[in-house]
Amino acid sequence: MAPGPEGIPQPFPQPLPQPLPQTYPKTYGQGGAFGGAGAFGAAFTPSAPSRAYASPRPESFPSADSAADTGSDPSDARDPRDERDDDAPRGLLESRYEWIVGMMYSFTDERVVRVLIALFTAGMGVCATLEILFGFGARTQPALGIQIGCGVFAFTAALWWLVISWPRLWTLFVFVVLADIGIVAANLTADMPPEFAIGKTAFLAVLGLVAGIFLDRWMLATHMVLSAGGVTAIIGWKLFTTDVPVLGAMVVWVPVMALTIAIPTLLYTFVRSVRLDQN
């Protein structure tokens, strides 16, 4: 464009209008703005905001200034991994587990939880010992060895829970899997009435409390498959070796299966909802 004649003022170029930056809460992007108990209370208090920013993952969200500079919507920058649990990398599983453990530390003393798990684990060994002492032990030497081994594992695991600090995710997962196998093996090898065998399956439901709160999706699915298969095998074996009626076995199998699956599923859904709300 040619310059204008001398003495004639030219219009000064006007800047294009810029979008107003989106504002965020003062706690946005600051880790530890809420403690575990504070975040939980804020999330479930009717007068509180719809979302409490407890300890977001670093750089999961851009700042308001950077969003305005790039012209992007900050809501589009949310890490999509926060919204799904499938095919999660190992580091992300560890970070989720640490968040759950941190919430536990905020609400209670973890030593109390470890003692409760130790008592529950020792109870499995006590049952196996009483069965052998009162004549309900296995009738063959290999089966008796399995039953004794399950009892030894239970007492050893109970002592382990008392002397260690809170375990890492993969250590806890191994404990849950071994406990599932031990409960089912001790139950199948014992020579006891059907009602005793069905009563001992309650250990699987209690173990589901731990699995549903602390384990990730595929780990929880592994526990549920072992538990459901174990309950089915125990009831099916008693149905095959004793005179238990088929209708009676079905009436027992259905509620036991529902209890074994429903408890960890509900706990996992609740914990995941709270975690996504805080993120």
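Let me start with the aromatic pairs, of which there are 11 in this structure, and please keep in mind throughout that we are looking at a predicted model. One of them brings together Tyr97 and Phe214, whose rings sit edge-to-face, with 6.4 Å between their centres and an angle of 65 degrees between their planes. If you trace the chain between these two residues, you will find that they are 117 residues apart, with Tyr97 in helix α3, residues 90-107, and Phe214 in helix α8, residues 202-214, so that, with helices counted as runs numbered from the N terminus, the pair links distant parts of the chain.

Are these two rings buried or exposed? Tyr97 has a relative accessibility of 4% and therefore counts as buried, and Phe214, at 7%, counts as buried because it too falls under the cut-off of 20%.

A second pair is made by Trp170 and Trp218, and here the arrangement is tilted, with the centres 5.7 Å from each other and the planes at 45 degrees. This pair also links distant parts of the chain, since Trp170 belongs to helix α6, residues 169-189, while Trp218 belongs to helix α9, residues 217-241, and 48 residues separate them. As for their surroundings, Trp170 is partly exposed at 25% relative accessibility, and Trp218 is likewise described as partly exposed, with a relative accessible area of 40%.

Coming back to Tyr97 and Phe214, I would add that both belong to one aromatic cluster, whose other members are Trp160, Trp161, Trp166 and Phe175.

Let me now step back to the protein as a whole. It contains 10 helices and zero strands, and buried residues account for 38% of its 279 residues. When we take the contacts between residues at least 6 apart in sequence, 74% of them join residues that are at least 24 apart. The protein exposes about 15800 Å² of surface, and carbon and sulfur atoms supply 69% of that area.

Two of the helices deserve a more careful description, and I will take α4 to begin with. Helix α4 covers residues 110-133, which is 24 residues, and it reaches 35 Å from its first C-alpha to its last, a value close to the 34 Å expected at 1.5 Å a residue. Just after this helix comes Gly135, which takes a positive phi of about 85 degrees.

The other is α5, whose 23 residues should span 33 Å at 1.5 Å a residue, and the distance of 33 Å between its end C-alpha atoms agrees with that. Which residues of α5 are buried? They are Ala143, Gln147, Cys150, Gly151, Ala154, Ala157, Ala158 and Trp161, and these buried residues pack against α4 and α6.

Finally, α4 and α5 meet again in a nonpolar patch on the surface, to which each of them gives two or more residues. The patch consists of Val112, Val115, Leu116, Leu119, Leu159, Leu162 and Val163, which together have about 670 Å² of accessible area. Its largest share, four residues, comes from α4. Leu162, for its part, lies in α5, and with a relative accessible area of 47% it is partly exposed, whereas Trp161, in that helix, is among the buried residues I listed a moment ago.

How values were computed: Residues numbered from 1 in each chain as written. Predicted model: local features only at pLDDT ≥ 70, side-chain atom pairs only at ≥ 80, totals over all residues. Heavy atoms only, no water. Phe/Tyr/Trp six-rings, centres within 6.5 Å; stacked < 30°, edge-to-face > 60°. Buried < 20%, exposed > 50% of the residue type's maximum accessible area, 1.4 Å probe, protein only. Expected span 1.5 Å × (residues − 1). Contact = heavy atoms within 4.5 Å. Areas by Shrake-Rupley, 256 points an atom, 1.4 Å probe, with all protein chains shown as cover. Patch = residues over 30% accessible without salt bridge, like charges linked within 9 Å, V, L, I, M, F, W, Y side chains within 5 Å. Salt bridge = Lys/Arg side-chain N within 4 Å of Asp/Glu carboxyl O.
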